[in-house]
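The following exercises are to be worked with the sequence and the coordinates at hand. Each task is followed by a solution in steps.

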Amino acid sequence: DEVADLALAFRPEVADPLAAFTDRAKGPLALSAEATEEWFERLSVRETRYWAAYLRARRGAPPDSLAAFQALAKERWYHPSGGYSDAKLGKDERRLLARLLERLAAWRRAQVPGDSL
């Protein structure tokens, strides 16, 4: 899995990850279960971070919490919410966010610390 993650990391960055979806507000949430699995397995670490920020943006996370993905705050469907929390995510959103965060945690655990080289 770590080798696949490394290979995926060298793919060129996609300028607009939402362009692949007909409904920009639903994004990957509109995919069938099988298509979601295929989509998920092709994600790079950068894309995984993007989609985690996307799920939070869908429910109004403040723009400053979207980190490197400020373009999400410019989407027509984005409306910041003063009292954002991950608890406001829908069931499917929470499930996908948990998978994305689990993948990011596994990637972090697999990293070799720079000072050990």
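## Salt bridges and a buried helix face

Asp86 has a relative accessible area of 30% and is therefore partly exposed. The model is a predicted one, and the exercises below start from this residue.

**Exercise 1.** Identify the residue with which Asp86 forms a salt bridge, and state where the two partners lie.

*Solution.*
Step 1. The partner of Asp86 is Arg56, with the closest N and O atoms 3.1 Å apart.
Step 2. Asp86 belongs to the loop between helix 3 and helix 4, whereas Arg56 belongs to helix 3; the pair, 30 residues apart, links distant parts of the chain.
Step 3. Arg56 has a relative accessible area of 24% and is partly exposed, as is Asp86 at 30%.

**Exercise 2.** Determine whether Arg59 and Glu93, which form a salt bridge, are buried, partly exposed or exposed.

*Solution.*
Step 1. The closest N and O atoms of Arg59 and Glu93 are 2.8 Å apart.
Step 2. This pair also links distant parts of the chain, with Arg59 in the loop between helix 3 and helix 4, Glu93 in helix 4, and their positions 34 residues apart.
Step 3. Buried means under 20% relative accessible area. Glu93, at 2%, is therefore buried, while Arg59, at 34%, is partly exposed.

**Exercise 3.** Locate the buried residues of helix 2 and establish how they are arranged around its axis.

*Solution.*
Step 1. Helix 2 spans residues 33–41, and its buried residues are Thr36, Trp39 and Phe40.
Step 2. These residues lie on the same side of helix 2, because they cover an arc of only 95° around the axis.
Step 3. An α-helix has 3.6 residues a turn, so residues three or four places apart point the same way.
Step 4. The cover over the buried residues of helix 2 includes helix 3 (45–58) and helix 4 (91–110).

**Exercise 4.** Describe the salt bridge that Glu41 forms, and set it among the salt bridges of the whole structure.

*Solution.*
Step 1. Glu41 pairs with Arg103, the closest N and O atoms being 3.5 Å apart.
Step 2. Glu41 lies in helix 2 and Arg103 in helix 4, so this pair links distant parts of the chain, 62 residues apart.
Step 3. Glu41 is partly exposed at a relative accessible area of 46%, whereas Arg103 counts as buried at 19%.
Step 4. The search of the whole structure finds eight salt bridges.

Definitions and conventions:
Residues numbered from 1 in each chain as written. Predicted model: local features only at pLDDT ≥ 70, side-chain atom pairs only at ≥ 80, totals over all residues. Heavy atoms only, no water. Buried < 20%, exposed > 50% of the residue type's maximum accessible area, 1.4 Å probe, protein only. Helix = DSSP H or I, 4+ residues; strand = E, 2+ residues; numbered from the N terminus. Arc of directions from axis to C-beta. Contact = heavy atoms within 4.5 Å. Salt bridge = Lys/Arg side-chain N within 4 Å of Asp/Glu carboxyl O.
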